[in-house]
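Reader: I've got a model open and would like to talk it through with you. Mind if I fire off some questions?

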Amino acid sequence: MSPTRRLAELPCGRRGKWVVLALWLVLLVVAGPLAGKLTDVEDNQASSWLPGNAESTRVLDEQRAFQPVDTAQAVVVYVRDGGITAADKAEAAADARAFASAPHVVGPVTGPVESADGEALQTVVSVDIGTGGWKDLRPAVDSLRATAAEHSLGMTTHVTGPAGVGADQAEAFAGIDSTLLAATVAVVIVLLLLTYRSPVLWMLPLFSAAGALVVSQAVIYLLADHAGLTVNAQSAGILIVLVLGAGTDYALLLTARYREELRRHEDRHEAMAFALHRAGPAILASSATVVASMLCLLVAEMNSTSGLGPVCAIGVLVALAAMLTLLPALLVILGRWVFWPVKPAYGTPEPTRSGRWAHVGEWIARRPRRVWIGTGLALAACCVGLVSLNATGLSTAGSFTGTPDSVVGQQALEAHFPAGTGAPLSVVSAAAESGAVREVTRATPGIASTTEPMFHEGRALFRATLTDPPDSQAAKDTVDRLRSAVHAVPDADAQVGGSTAVILDAGRAATSDNRTVIPLVLGVVLVILALLLRAVTAPLVLIATVVLSYAAALGISAFFFEHVFDFEGQDNAFPLFVFVFLVALGIDYNIFLMTRVREEAAQQGTRRGAVAGLAATGGVITSAGLILASTFAVLGTLPVVGFAEIGFAVALGVLLDTLVVRSVLVTALTVDLDRHMWWPSALSGQVPPSEDELARQL
């Protein structure tokens with residue numbers, strides 16, 4: 001017996017199944033409390049998202065020397081059409097005194113300051129960000145909003161600025177884990193019920209996937225708490241969707257093969273051993289592709305992107321372990337009855353050989369070249385939508401699906417004060433040259449004013465107010481001009497940071513990551529496919545179909561974003577995230593299909609093997625794709641444009657991959673290329689058996 005076969009029998013042996021179940025139950029008991037602490041170690045501070053070597057990040061680090069805590073400015077705006085009254089000013093002044101005692105407020109409160117048109121007042125409050133990032137902003141901003149509105153005397157009041165925006169972002173992400181978990185579980189339950197049509201069977205994949213999620217969250221918590229792994233709200237949310245989605249995919253493939261083997265083997269333990277032996281390599285290769293693709297994110301400049309890689313890789317590895325150990329043990333323990341009411345009886349024919357996907361395969365095989373050319377042209381036509389893709393970043397207003405108070409407040413602020421008020425730039429320099437740096441700063445077009453500098457151990461810090469909205473392209477251009485100007489001051493070692501600089505540096509880092517990570521992921525996936533299929537032609541063909549599918553999904557998504565959802569654009573990292581998830585997860589279906597095709601081709605030739613492989617895997621691939629697409633579509637329930645766009649594009653791309661690319665395009669190409677698909681392996685030189693030889697084999 002081969003080592004692979006012996007390994008496959010471990011979780012489904014007559015004693016081994018009980019050992020595996022006991023080990024997992026102990027693991028879940030230990031992991032449960034640790035998983036619940038994951039949110040406690042999330043790092044949502046700006047530095048955990050920004051590129052580590054960016055100038056704005058270095059300024060953030062230097063600012064800590066001038067102030068004991070990280071702060072964000074909240075700008076309280078009062079507006080009265082027709083003009084601010086003396087009573088309004090008195091009320092705003094009383095509010096300013098009250099603001100000093102609000103939660104997390106530090107330092108002096110500045111204002112109220114009246115606008116030049118006499119219709120607005122603004123008060124600037126510094127809020128301690130603390131170690132919780134934006135989560136610590138909400139209590140302070142909620143208190144400021146309540147105080148300002150309580151005695152407004154008919155004025156319109158808003159709280160905006162970086163603290164106001166951060167608090168609204170925290171509210172948008174509030175309960176993200178529970179919301180995503182509940183929605184994803186509900187979707188998975190419905191689709192598993194539809195897939196299995198059994199009142200019991202769906203529980204086993206779901207229990208296994210949920211167990212994998214709990215254990216992965218516990219492992220990530222331990223690594224974040226003791227090994228410095230960076231976890232933020234973004235990676236924690238995507239982890240839920242990825243583990244449940246990918247884990248269920250693996251469960252569907254294994255369960256389908258187990259059900260097939262139950263018709264060939266009377267003993268269920270033997271049937272599961274064969275299922276693991278046959279389906280295990282495909283599942284292992286699939287998970288290896290996802291893990292390797294996610295680890296490619298480690299080379300990204302953006303801390304938020306590089307931190308996502310190991311978090312997702314850990315989740316997929318744990319999901320793999322659960323589906324190759326816990327799920328087989330549960331299936332074998334419960335026996336055939338778990339498939340009720342359609343139990344796979346020993347000796348009965350396999351229904352997939354004459355099902356709808358067998359008919360689709362036969363239809364493709366009659367005219368494979370016409371099919372793949374027509375399908376390819378249709379997908380290429382979908383790519384036309386790429387001309388409207390606008391992945392240049394989102395403004396503050398454009399990052400929310402709704403219109404929170406901070407966005408309305410920013411609009412009011414821009415209408416009555418210099419547009420950059422409340423989100424100034426931070427300029428640090430050598431103390432001896434601070435005067436020259438301030439002069440250069442004031443002379444830079446786009447700068448409205450500067451503050452007096454603060455000094456600490458030979459360094460100076462002052463603020464510069466922009467004339468343009470802080471998230472506008474004009475403000476970003478001002479940052480570039482200012483950096484060029486202050487860098488030119490001799491011996492000043494001046495650097496420019498602040499909200500606009502952060503947006504600028506993050507956008508450029510994300511663009512650089514797109515150019516670096518995407519080719520790296522393609523190379524890694526190509527190598528894994530070549531090793532798995534032991535061929536060169538097939539991996540190249542499959543990679544080409546993946547890229548075409550990705551481009552088509554982006555094209556269709558861009559059309560919907562602009563003309564249906566009315567989004568202003570996409571985040572800079574949008575193409576990379578969609579690419580990594582579509583390629584890493586979409587290649588699963590390539591692997592599921594082509595490993596089965598290769599297995600069948602060795603017995604009956606590539607053309608017949610392609611049809612047989614599609615017949616055997618078409619149903620399970622479709623079900624897996626629907627579940628994975630639905631879990632990512634759940635991201636659209638969050639009131640954050642970036643998540644909604646990623647969820648829509650990945651869900652659409654998975655459906656294209658499942659229903660069109662894998663099932664039609666790849667099958668047609670395989671039939672048309674025939675044995676050349678496996679070049680240069682020995683299979684490429686194999687002469688397909690004749691009808692008589694095939695009949696004797698069967």
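Reader: Leaving out residues up to four places away in sequence, which residues does Met594 touch?

Author: Quick caveat: this is a predicted model. Met594 is one of the residues that touch the most other members of the largest nonpolar core, a set of 152 residues. The biggest share of that core, 19 residues, comes from H19. Once residues up to four places away in sequence are set aside, Met594 touches Leu533, Leu542, Val666, Thr670, Met677 and Trp678.

Reader: And how many residues are in the other core, the one with Ala92 and Val127?

Author: That core lies apart from the largest nonpolar core, and its members include Ala92, Val127, Ala163 and Ala167. Its count comes to 22 residues.

Reader: Zooming out, what is the radius of gyration of the protein?

Author: The protein has 22 helices and 9 strands, and its C-alpha atoms fill a box of roughly 100 × 50 × 50 Å along the principal axes. For 698 residues the globule rule gives 26 Å, and the model's value is close to that, so the protein is as compact as a globular protein of that length. The radius of gyration is 29 Å.

Reader: What share of the contacts in the protein with a separation of 6 or more comes from residues 24 or more positions apart?

Author: Some background on packing: buried residues make up 58% of the 698 residues. As for contacts with a separation of 6 or more, residues 24 or more positions apart account for 80%.

Reader: Back to H19. Why does the salt bridge between Arg596 and Glu260 tie together parts that are far apart in sequence, and what is the separation?

Author: The side chains of Arg596 and Glu260 meet at 2.6 Å, N to O, and both residues are buried. Arg596 sits in helix H19 while Glu260 sits in helix H9 (residues 233-262), so the pair links parts whose separation in sequence is 336 residues.

Reader: Which residues do salt bridges with shared partners join into one network?

Author: Side chains of opposite charge can pair when their charged atoms come close. The count for this model is 19 salt bridges. Those that share partners build one network out of Arg257, Glu260, Glu261, Arg264, Arg596, Glu599 and Glu600.

Reader: Is Asp88 buried or exposed?

Author: Asp88 forms a salt bridge with Arg80, and their closest N and O atoms are 2.6 Å apart. Buried means under 20% relative accessible area. Asp88 has 1%, so the answer is buried.

Reader: Where is Ser286 found, and which residues is Ser286 in contact with, leaving aside neighbours within four places in sequence?

Author: Ser286 is found in helix H10 (residues 268-295). With a relative accessible area of 0%, Ser286 is buried. Leaving aside neighbours within four places, its contacts are Tyr250, Asp588, Ile591 and Phe592.

Reader: Any odd backbone spots? Which residue does a cis peptide bond join to Gly111?

Author: The bond has an omega of about 10°. The partner lies in strand E2 (residues 105-114), and that partner is Pro112.

Reader: What is omega for the peptide bond from Trp679 to Pro680?

Author: Pro680 lies in the loop between helix H21 (641-673) and helix H22 (691-697). The bond from Trp679 is cis, with omega near 5°.

Reader: What about phi of Glu457?

Author: Glu457 lies in the loop between strand E7 (454-456) and strand E8 (459-466). At a relative accessible area of 73%, Glu457 is exposed. Phi is positive in this residue, which is not a glycine, and the value is near 45°.

Reader: Where is His104 found?

Author: His104 also isn't a glycine, yet has a positive phi of about 70°. Its relative accessibility is 35%, so His104 counts as partly exposed. His104 is found in the loop between helix H4 (86-99) and E2.

Reader: Last one, on the surface: how much accessible area do Phe559, Phe560, Val564 and Phe565 have together?

Author: Phe565 lies in the loop between helix H18 (537-563) and helix H19 (574-604), and is partly exposed at 35% relative accessible area. The four residues form a nonpolar patch on the surface, and together their accessible area is about 340 Å².

Conventions. Residues numbered from 1 in each chain as written. Heavy atoms only, no water. Patch = residues over 30% accessible without salt bridge, like charges linked within 9 Å, V, L, I, M, F, W, Y side chains within 5 Å. Areas by Shrake-Rupley, 256 points an atom, 1.4 Å probe, with all protein chains shown as cover. Helix = DSSP H or I, 4+ residues; strand = E, 2+ residues; numbered from the N terminus. Buried < 20%, exposed > 50% of the residue type's maximum accessible area, 1.4 Å probe, protein only. Core = buried A, V, L, I, M, F, W, Y, C linked by side-chain atoms within 4.5 Å. Contact = heavy atoms within 4.5 Å. Rg over C-alpha atoms; globule rule 2.2 N^0.38 Å.
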